[in-house]
Amino acid sequence: TPRDLAEHLSQLNHKPYGAYQDLLGHHYTFRDFTLVFEKVQKDPFATASQIRVLIQDQVAKFPSDYYFTTDRRTALSDYLTRQLVKQIHALKMDQQFQSQSWHDVKGGNFEMTHPGQQILERNSIIICDGTIEARFTFNLPARGRTIVAQRAIEVLTKQLPVIITRALKFTSHDPQDLQAHIQCYEDQQWLRRELPSQNLIAFVPDGAILPRASGISDQPLTSGNVVPFASPDTLKIKFMCPSGMQITGMGIRPGVTMIAGGGYHGKSTLLESLEQGIYNHIPGDGREFLVCDPTLCKVRSEDGRSIEGIDISVYIDNLPFDMNTKSFSTQDASGSTSMAASIQELVEVGSKVLVYDEDTCATNFMIRDQRMQRIIKKENEPITPLIYKIRSLYEEMGVSSILVIGGCGDYIDVSDTIIEMRSYVPRNITQYAKEIASQYPNDLRQEGGESYGNVAQRTLDIPAYTKGKVIARGGTTIVFDKQEELPLATVTSLIEQGQTRWIGSAIKYLCQKSLTKQNTLKNTLEQLDRMMERDPKISEDSNSSSSSSVQMLESPMDFIEPEYIHGEYVRPTLFQVAQAINRLRGIRVIN
Ligand code: ADP
Ligand code: MG
């Protein structure tokens with residue numbers, strides 16, 4: 001009971017900080033919930049202590065149909081995470097306001113990672129079999145290195161029950177707000193799954209707000225003139241969502257789609273929104289119901305990256321000194337080789353839609369115009385630009401392309417659909433552009449043969465340094481073993497640190513278990529992904545020292561780091577994991 005906890009803490013008062021370890025493994029049963037200390041920090045400056053709070057559904061009382069499907073539980077878990085984050089934040093504000101008496105005490109506050117604009121699969125709140133488990137951290141309070149029990153008692157026995165009630169009980173919420181969150185998620189899931197049956201790879205709804213508040217904010221743009229998305233009639237599609245909502249918008253078909261238009265007319269904004277269409281957005285984001293093929297990835301120029309054993313001969317052949325491009329490795333790729341490698345790597349693991357923005361592409365990889373074809377002979381140019389492969393990439397490999405191109409009309413000839421962005425409004429200019437192209441024909445010579453060429457399936461060995469300590473730094477960098485940095489800023493749509501964390505730990509797991517050596521990269525990653533497809537379960541073996549029968553939950557994301565249960569994982573896509581592994585320095589092909 002809370003009184004047990006208070007008594008327990010009182011006994012620790014004034015003791016050295018290490019005595020807090022005594023809390024480990026005990027269950028404290030409150031009126032509405034159970035509190036468990038999963039991990040207790042060793043000193044006041046260490047990572048905060050990990051706690052788990054379990055609340056039974058008889059107490060939380062959410063409508064039972066919110067538990068019916070995995071999608072609903074995912075949306076509910078995301079919603080509850082946001083509510084708890086809000087309550088923790090409010091408590092912090094309160095504490096600051098009235099903390100004069102505790103001004104010399106460090107700690108006494110909760111922390112939970114803040115979700116962004118996307119509804120994602122998280123292990124911060126787990127829902128299973130009538131139990132809801134919340135995972136967050138608590139900084140155990142101390143004056144210097146001495147335990148201040150009174151502060152801990154006040155926060156844990158008085159303030160914690162308040163925030164748990166406000167965050168995790170159905171009656172504390174606006175039922176319509178919650179309903180909207182779940183329905184919004186379900187409709188987006190449905191729309192994305194519905195795309196293939198409508199022969200689409202992406203859908204942008206009318207009325208969507210695509211621009212963001214700034215280059216460093218994912219919030220919708222609200223200041224100035226914001227132009228809501230409006231689809232051209234000839235590309236308009238209509239859906240009737242499961243919630244009963246009817247929605248219209250622009251459909252993008254498989255094949256090659258070119259997004260043209262003047263500078264600053266909204267091309268990159270549209271493409272960036274399409275990249276985010278692998279996710280479902282929260283109500284009010286502006287991009288809700290914008291969905292794309294879940295395998296969509298962005299290809300960009302990344303000079304300096306490492307490449308290991310990729311067959312890039314489709315695009316690059318005849319390098320100086322007879323360098324082998326059928327199994328090409330480098331520690332310092334050029335812009336064009338990095339793009340060739342990225343395409344091959346993504347096709348290898350099954351991406352069906354690749355997107356490109358001229359702002360971040362290497363020109364010599366995109367085009368070679370008729371003059372250059374005549375000035376630099378083919379035998380002296382290793383690169384076969386994408387424009388000569390983009391058709392066979394689609395027709396043979398089934399991989400569609402969406403390209404933002406404002407500067408090169410050659411792509412008109414290879415595009416199925418051409419969209420012009422003009423003052424942030426799309427127009428279907430396919431026919432017009434094709435007419436102009438036939439009036440000004442190009443005398444381009446086909447390069448690179450008729451068929452696409454080979455995409456190899458690799459089996460990889462992962463470098464041993466990944467077995468060391470794994471830290472996710474700043475959201476887009478993983479640091480292994482305190483020194484090996486893996487920058488992930490170029491990984492498609494990686495948005496939350498929790499994803500980066502999961503990827504880092506997953507790489508360590510794959511290395512420790514030697515999993516990548518036994519199977520192709522594609523198969524290994526599909527297995528990993530299927531593990532996360534499972535539902536949460538009741539964990540069999542908690543590190544509990546007491547014999548009381550509190551059942552704790554296990555998220556399908558936990559398995560890569562079972563020795564340390566925390567709530568900071570967010571599920572990434574298989575493609576993001578693949579992109580991370582491919583950028584690890586020191587991977588080796590072993591087949
Ligand atoms: P482009 O790639 O065509 O050069 P961008 O997509 O980078 O253009 O957009 C240029 C600017 O216009 C950006 O600051 C962006 O935020 C803003 N913008 C994009 N779409 C809209 C819109 N629908 N309404 C208002 N501003 C927009
Ligand atoms: Mg641009």
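This report walks through a predicted model, from a metal site to strands, helices and cores.

## The magnesium site

Let's start with the metal. Which atoms hold the magnesium ion (ligand 2)? Its coordination comes from S268 through OG and D359 through OD, at 2.1 to 2.4 Å. The two residues bring distant parts of the chain together, as they lie 91 residues apart. S268 belongs to helix α6 (residues 267-276), and D359 sits in the loop between β21 (353-357) and α8 (363-366).

Are these two residues buried or exposed? S268 has a relative accessible area of 17%, under the 20% limit, so S268 is buried. D359 reaches 58%, over the 50% limit, so D359 counts as exposed.

## Strand β7 and its partners

Strand β7 covers residues 131-138, and eight of its eight residues are buried. Its side chains go two ways: T131, E133, R135 and T137 point one way, while I132, A134, F136 and F138 point the other way. Both sets are buried, including the charged-looking names you may spot when scanning the structure.

Three strands pair with β7, and each can be taken in turn. Strand β3 (residues 49-56) runs antiparallel to β7 and is joined to it by eight bridges; here I55 stands opposite I132. Strand β4 (residues 110-111) is also antiparallel to β7, with two bridges, and E111 faces T137 across that pairing. Strand β6 (residues 125-128) pairs with β7 over four bridges, again in the antiparallel sense, with I126 and E133 as bridge partners. What lies between β6 and β7? The two strands form a hairpin with two residues between them, and D129 in the turn has a positive phi of about 50 degrees.

## L80 and helix α3

L80 is part of helix α3, which spans residues 70-97. Its relative accessibility is 0%, so L80 counts as buried. Leaving aside residues up to four places away in sequence, L80 touches F62, I125, I132, A167, L168 and H173. One of these contacts, I132, is also a residue of β7. By contrast with those contacts, the C-alpha atoms of L80 and F110 are 16 Å apart in space, with their positions 30 residues apart in sequence.

## Helices α4 and α5

V162 has its place in helix α4 (residues 149-168). At 35% relative accessibility, between the limits of 20% and 50%, V162 counts as partly exposed. The C-alpha atom of V162 is 8.9 Å from that of Q87, although the two are 75 residues apart along the chain.

How does the span of helix α5 (residues 175-194) compare with what its 20 residues should give? At 1.5 Å a residue, the expected value is 28 Å, and the end C-alpha atoms are 28 Å apart, which agrees. Buried residues of α5 include L178, H181, I182, C184, Y185, D187, Q188, Q189, L191 and R192. The buried residues of this helix pack against α3, β5 (118-119), β13 (236-240), β14 (246-252), β16 (280-281) and β17 (291-292).

## A six-stranded sheet

Further along, six strands make an open sheet in the order β18-β21-β22-β15-β23-β24, with mixed pairing. Which strands stand at the edges? They are β18 (297-298) and β24 (425-428); each has a single partner strand, so one side of each has no neighbour in the sheet. The pairing of β18 with β21 is parallel, over two bridges, and C297 has L354 of β21 as its bridge partner.

## Two nonpolar cores

The largest nonpolar core has 78 residues, and I343, Y356 and Y411 touch the most other members. Helix α12 (residues 497-512) gives the most to this core, with seven residues. At least three residues come from each of domain 2 (297-439) and domain 3 (460-589).

What does Y356 touch? Beyond residues up to four places away in sequence, its contacts are L271, V299, M339, I343, C361, M366, L386, L393, S401, I402, L403 and V404. Another core, of 54 residues, lies apart from the largest one; among its members are L23, A75, I125 and F136. F136 is a residue of β7, and I125 is one of the contacts of L80.

How values were computed
Residues are numbered from 1 along each chain as its sequence is written. Chains are lettered from A and ligands numbered from 1 in the order in which they are written. This is a predicted model: local features need pLDDT of at least 70, side-chain atom pairs count only at pLDDT 80 or more; totals for chains, interfaces and linings use all residues. Side-chain values use heavy atoms; hydrogens and water are left out. Buried means under 20% relative accessible area, exposed over 50%, partly exposed in between (1.4 Å probe, protein chains only). Donors are N, O and S atoms within 2.8 Å of the metal (3.2 Å for Na, K and Ca); water is not among the atoms, so sites may look incomplete. Two strands pair if DSSP finds at least two bridges between them. A nonpolar core is a set of buried Ala, Val, Leu, Ile, Met, Phe, Trp, Tyr and Cys residues joined through side-chain atoms within 4.5 Å. Domain bounds come from an automatic or database domain assignment. Contact means heavy atoms within 4.5 Å. The expected span of a helix is 1.5 Å times one less than its number of residues.
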